[in-house]
Amino acid sequence: MDIHAAEVIKDLASKDIGFYASHDIPGGQATVHLTAQQVLEYAADPVSYLAAHYGVSREDYLEWHQSGYRVVCCGFTKAGKPCKATVPSLSFVGDPKTWVQGQGGRCTTHG
Ligand SMILES: [Zn+2]
């Protein structure tokens, strides 16, 4: 973003205009409020901004979405294949940090 745009954003903020960004979560959208400075950081790289906002890596943030917000069992079937059953209570995880912390969990069969 160029200097002119940064000045415009600061001017708008000084007139009490607020900013926010939205992103998908299970069943809807979450809203993240942004200061004038944060608008610039967000605009430069939305995914990295949101990952930092939630305290997770960029890769984990993307995987949280790609997983459908679901944590899968890290166990293996009798045939030696990844189980991939949903970990109890982690089928629709609303924030990426909880999703990351749930990794390594197991389903009821492999618990
Ligand atoms: Zn399992």
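1. Start with the loop between helix H4 (58-66) and helix H5 (96-102), where you'll find Tyr-69. This is a predicted model, so take everything here as computed. Tyr-69 has a positive phi of about 70° even though it is not a glycine. That catches the eye, because most residues other than glycine have a negative phi. Tyr-69 counts as buried because its C-beta has 20 neighbours inside 10 Å, and 20 or more is what burial takes.

2. Ser-89 sits in the loop between H4 and H5 too. Its phi is also positive, near 70°, and Ser-89 is likewise a residue other than glycine. Buried or exposed, then, for Ser-89? Ser-89 is exposed, because just 10 other C-beta atoms lie within 10 Å and the cut-off for exposed is 12 or fewer.

3. Tyr-69 also belongs to the largest nonpolar core, a set of twelve residues. Among the other members are Tyr-54, Val-56, Tyr-61, Trp-64, Val-87 and Trp-99. As background, nonpolar side chains in soluble globular proteins tend to be buried together. Val-72 is another member of this core. Leaving out residues up to four places away in sequence, Val-72 touches Lys-84, Ala-85, Thr-86 and Val-87. There is a second, separate core as well, with five residues, including Ile-9, Leu-34, Val-39 and Tyr-49.

4. Now the strands. E1 (residues 19-25) and E2 (residues 28-34) run antiparallel, with seven bridges joining them. Two residues lie between the strands of this hairpin, and Gly-27 in the turn has a positive phi of about 75°. To find your way along the pairing, look for Ile-25 opposite Gly-28 in E2. Another pair to look for is His-23 with its bridge partner in E2, Ala-30. While you're there, keep in mind that side chains in a regular strand alternate between the two faces of the sheet.

5. Where does Leu-50 fit in? Leu-50 is in helix H3 (residues 46-54). Setting aside neighbours within four places in sequence, Leu-50 is in contact with His-23, Val-32 and Tyr-61. His-23 is in E1, and Tyr-61 is a member of the largest nonpolar core. Leu-50 and Val-32 are 18 residues apart along the chain, with 8.5 Å between their C-alpha atoms. Leu-50 itself counts as partly exposed, because it has 19 C-beta neighbours inside 10 Å and burial needs 20 or more.

6. Finally, step back to the whole chain. How many helices and strands does it have? The chain has five helices and two strands, and from the N terminus on the order is α-β-β-α-α-α-α. The chain is more spread out than a compact globule, because its radius of gyration is 19 Å, well over the 13 Å that the globule rule gives for 111 residues. Along its principal axes, the C-alpha trace spans about 60 × 20 × 15 Å. Of the 111 residues, 16% count as buried. As for contacts in the chain with a separation of 6 or more, 43% are between residues 24 or more positions apart.

Notes: Residues numbered from 1 in each chain as written. Predicted model: local features only at pLDDT ≥ 70, side-chain atom pairs only at ≥ 80, totals over all residues. Pairing = 2+ DSSP bridges. Helix = DSSP H or I, 4+ residues; strand = E, 2+ residues; numbered from the N terminus. Contact = placed C-beta atoms within 7 Å. Rg over C-alpha atoms; globule rule 2.2 N^0.38 Å. Core = buried A, V, L, I, M, F, W, Y, C linked by C-beta atoms within 7 Å.
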